[in-house]
Each structure stands twice: as C-alpha cells, then as structure tokens.
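Please find below a colleague's note on a structure that may be new to you. It is set out as numbered points, to be read alongside the sequence and the coordinates.

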Amino acid sequence: MSEECIENPERIQIDGDSIKHRNQVNLKELINPNKGDNSALLILNQKIDIPKQLFYKVWELHDLKICADGAANRLYDYVKDDESIRIKYLPDYIIGDLDSLSEKVFNYYKEKNVVIIRQTTQYSTDFTKCVNLISLHFNSPKFHSLISNKNAQFNHGIELEEGIHTLYNSMTESLAFSEVTPISLLALGGIGGRFDQTIHSITQLYTLSKEASYFKLCYITVTDLIFLINKNGTLIKYNPQFRNSCIGNCGLLPIGEATVIKETRGLKWDVKNWPTSVVNGRVSSSNRFVGKECCFIDTEDDIILNVEIFVDKLINFL
Ligand SMILES: Nc1ncnc2c1ncn2[C@@H]1O[C@H](COP(=O)(O)OP(=O)(O)OP(=O)(O)O)[C@@H](O)[C@H]1O
Ligand SMILES: Cc1ncc(C[n+]2csc(CCO)c2C)c(N)n1
C-alpha cells in the first residue's frame with residue numbers, strides 16, 4: 001500500500017467508539033491521575049520552572065512525592081524563604097547517591113522525618129533508583145516492613161550500594177504485571193538541560209513500557225507533555241475546551257526506532273502507511289490534534305509523542 005498524507009480542517013468529528021484500539025490515553029489524566037491508579041510525582045534535579053499554582057496543584061493530585069537526590073535542593077529553593085509553605089511540601093522520599101544533595105537540605109528534610117535513602121551504585125542513575133523505589137512502595141510489603149521499622153536503622157535497613165535494585169529485582173520475580181495497579185508517574189525536570197540526562201529520560205519511557213508496563217510515565221515541562229504511544233492503535237481522548245485552551249502542537253517522534261505510522265485519524269496532517277525515521281529525516285513534527293474529542297494513532301512500533309501545553313491555562317482545568 002502506498003503512503004498518504006491529507007490535510008484536515010481545523011476541527012473534525014472522530015468517532016472514537018467505532019475505532020478498534022488496544023490502548024487509550026486521556027490527556028488530562030497524564031497530569032490529574034485517574035483515582036483508581038496509584039500515582040507519583042517524581043522531581044528530578046533541574047530548577048523547577050512551572051508556575052507555582054500549577055506545581056502545588058499537581059503535588060496535591062499525586063499520592064506519592066519523590067525527589068531524585070539534588071532535586072530536593074530544587075524543592076527546598078522553590079519556596080524561597082517561606083517556611084510555612086516549605087513545611088507543607090515535604091516529599092515522601094529522597095533517594096540517590098546523595099552527591100548533589102546539600103548538607104543544609106539533607107538536615108532539613110531528615111529532621112522532618114522524610115525517608116532519605118542513599119544508593120551509591122554508579123551503574124544506574126538516580127532516576128532509575130527512584131522508579132524502582134516507587135514500584136517497591138506500591139507493591140512490596142517487605143519494603144514497607146523495612147521502612148517502617150521504628151528502630152532507626154542505618155539507611156533504613158537498605159543495603160548502601162544497590163539495595164533498592166536488589167529488593168526490586170526480587171519483588172519482580174513474583175509480580176504478575178497484569179494484577180498490578182497502574183502507576184501514573186508524572187516526572188518533572190527530566191527533559192531539557194543536560195542532553196545525556198534528557199536522552200536517559202527518553203530511554204526510561206521505552207524501558208518501563210517493556211519491563212514494567214503498569215507504569216504510565218509522562219514528562220511535564222513548561223512547554224510539553226512527553227509520553228510513549230504503544231504500538232497497534234491508541235486512542236487519545238480530551239475534553240474539547242481543554243484541548244482548545246491548553247494544547248498546541250504535537251510531534252510523533254520515532255526516537256527509539258524507525259517505524260511505520262499505519263494510520264492517524266484526527267490530526268491536522270493525517271497519514272497512512274507513512275514510514276517515519278529520525279535517520280531519514282521523516283518525522284511528523286508541528287502537527288496538531290483536530291479531532292474534536294479524540295484522535296487515533298496506529299503505529300507498527302512504540303513511538304514518542306510530545307504535546308505542546310500552555311502551562312498558565314492548565315490550572316483552570318485541574
Ligand atoms: N540537566 C538535567 N537534565 C535532565 N535531567 C536531569 C538533569 N540533571 C539531573 N537530571 C535528572 O535528575 C536525576 C538526579 O540528578 P543528579 O544530579 O543526582 O544526577 P546523577 O544521577 O547524579 O547524574 P550525574 O552524576 O551524571 O550528574 C538524574 O538521574 C536525572 O534523571
Ligand atoms: C558504560 C557506562 N557509562 C557510564 C557510566 C557512569 N554512570 C552511569 S549511571 C551513573 C550514576 C549517575 O548518578 C554513572 C556515574 C557507567 N557506569 N557505565
């Protein structure tokens with residue numbers, strides 16, 4: 001079959017119910033998780049730059065808050081000198097090799113009984129340590145009994161080098177993925193800044209999709225939401241007012257591997273049988289959603305989607 005590309009009007013009706021799809025993503029739920037999911041906000045080590053109102057709202061909307069190492073400095077600094085606010089926004093965990101966590105911030109959160117776990121391995125990033133910890137938090141009774149041991153143990157009884165990874169690996173042996181409650185994971189600070197860190201963040205989308213698919217990971221930045229679209233048909237749903245006010249352009253980005261976009265429905269430029277590849281310079285960038293309430297993306301392999309967001313407007317819809 002030969003490739004096609006058509007240009008649609010600014011709004012078209014797409015009947016999502018009549019399209020066979022294996023996966024579904026609700027755009028708003030990437031930020032405001034479905035109540036049936038477990039949810040976590042992961043703060044990575046970059047200056048927090050989203051508007052304060054939005055940050056505090058997103059904080060409230062997530063069950064668990066985790067700082068990757070020096071991200072705790074960023075959280076501490078975000079509230080400037082307002083102690084009455086700082087005390088309200090205590091993370092549940094700080095984890096990492098602790099090379100970037102300042103002594104002042106370490107002492108502050110330690111005194112407030114935040115669980116601070118040191119993991120010294122230089123064979124995984126603090127990001128991965130966080131992701132393993134989040135899964136243990138929601139799925140491992142053994143991890144909970146370690147953490148809740150009131151006899152203050154060194155490093156909460158977790159082996160210093162890679163105890164979290166060891167606990168995680170032994171937990172996954174007996175974990176039936178299909179029975180695990182989905183974890184909505186919103187990550188702040190993983191994109192932009194240092195490029196190797198940014199690419200590492202993208203690898204996590206693929207890794208979790210393959211190895212821990214109960215995670216629904218999405219990055220939020222001041223300009224974008226970035227997440228993975230599973231192959232073989234995904235319906236992306238949104239409220240029309242939300243789309244009109246908060247959403248701009250989008251890009252279908254075959255970062256991990258070249259693929260074929262079998263079909264899209266509801267994009268400004270809809271394609272069929274469209275080979276896409278970074279190497280060959282064929283990427284659907286600067287596209288946008290024109291389906292009134294949904295659009296459909298069907299690819300032969302997983303692909304990354306970025307969706308432009310207007311952060312100042314988002315707060316009105318959360
Ligand atoms: N500039 C950045 N851009 C994107 N993500 C970042 C950046 N800096 C840190 N991060 C994320 O925050 C996490 C914690 O940051 P931290 O400074 O502790 O990094 P790290 O894991 O010690 O890495 P490195 O030793 O390479 O600096 C990192 O694992 C990474 O996921
Ligand atoms: C092939 C290879 N490349 C780089 C590193 C270094 N490294 C990877 S993750 C990490 C921790 C960052 O906090 C460090 C230092 C390695 N171990 N193996």
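The points below go from the overall fold to the two sheets and then to the ligands.

1. This is a predicted model, in which local features need pLDDT of at least 70 and side-chain atom pairs count only at pLDDT 80 or more, while totals for chains, interfaces and linings use all residues. Residues are numbered from 1 along each chain as its sequence is written, chains are lettered from A and ligands numbered from 1 in the order in which they are written, and side-chain values use heavy atoms, with hydrogens and water left out.

2. The protein has ten helices and 16 strands, where helices (H or I, at least four residues) and strands (E, at least two) are DSSP runs numbered from the N terminus. Its C-alpha trace spans about 65 × 45 × 35 Å along the principal axes. For 318 residues a compact globule would have a radius of gyration near 20 Å, and the protein, at 20 Å, agrees with that; the radius is taken over C-alpha atoms, and the globule rule is 2.2 Å times the number of residues to the power 0.38.

3. One open sheet holds six strands in the order S1-S13-S12-S15-S10-S2, and its pairing is mixed; two strands are said to pair if DSSP finds at least two bridges between them. Strand S1 (4-7) and strand S2 (23-26) stand at the edges with a single partner strand each, so one side of each is left without a neighbour in the sheet. The twist from one strand to the next averages 20°, with axes being lines fitted to C-alpha atoms (for helices over the stretch in contact) and angles running from 0 to 180 degrees between N-to-C directions.

4. Beginning at the S1 edge, S1 runs antiparallel to strand S13 (residues 269-276), to which four bridges join it, and Glu-4 has Lys-272 as its bridge partner in S13. S13 is also joined by four bridges to S12, again in the antiparallel sense, and here Lys-272 is the bridge partner of Glu-263. S12 and S13 form a hairpin with three residues between them, and Gly-266 in the turn has a positive phi of about 100°.

5. On its other side, strand S12 (residues 259-265) pairs with strand S15 (residues 294-299) in the antiparallel sense over four bridges, and Thr-264 has Ile-297 of S15 as its bridge partner. S15 is in turn joined to S10 by four bridges, the two running antiparallel, with Ile-236 opposite Cys-295 in S15. Where does the parallel sense enter, in the pairing of S2 and strand S10? S2 and strand S10 (residues 234-237) pair in the parallel sense over four bridges, and Asn-26 has Lys-237 as its bridge partner in S10.

6. A second open sheet, also of mixed pairing, has ten strands in the order S6-S5-S4-S3-S7-S8-S9-S16-S11-S14. Its edge strands are strand S6 (115-118) and strand S14 (284-288), each of which pairs on one side only. Neighbouring strands of this sheet are turned against each other by 20° on average, direction ignored. Within the sheet, strand S4 (residues 64-68) and strand S5 (residues 93-96) run parallel and are joined by three bridges, with Ile-95 in S5 as the bridge partner of Ala-68.

7. Which residues come nearest to ligand 1? Of the 16 residues around it, these are Asn-45, Gln-46, Asp-126, Gly-192 and Arg-194, a residue being near if one of its heavy atoms lies within 4 Å. A polar side-chain atom of Asn-45 lies 2.8 Å from an oxygen atom of ligand 1, and a nitrogen atom of the ligand is 2.9 Å from a polar backbone atom of Arg-194. Taken alone, ligand 1 exposes 600 Å², of which the protein buries 81%; accessible areas come from the Shrake-Rupley method with a 1.4 Å probe. The shell comprises three nonpolar, nine polar and four charged residues.

8. Ligand 2 is surrounded by Asp-97, Gln-122, Tyr-123, Ser-124 and Thr-125. A nitrogen atom of ligand 2 is 2.7 Å from a polar backbone atom of Gln-122. Taken alone, ligand 2 exposes 450 Å², and the protein buries 41% of that. Its shell divides into one nonpolar, three polar and one charged residue, under a scheme in which Ala, Val, Leu, Ile, Met, Phe, Trp, Tyr, Cys and Pro count as nonpolar, Asp, Glu, Lys and Arg as charged, and the others, Gly among them, as polar.

Note on methods:
Polar contact = N/O pair within 3.5 Å; in protein donor to acceptor, adjacent residues only side chain to side chain.
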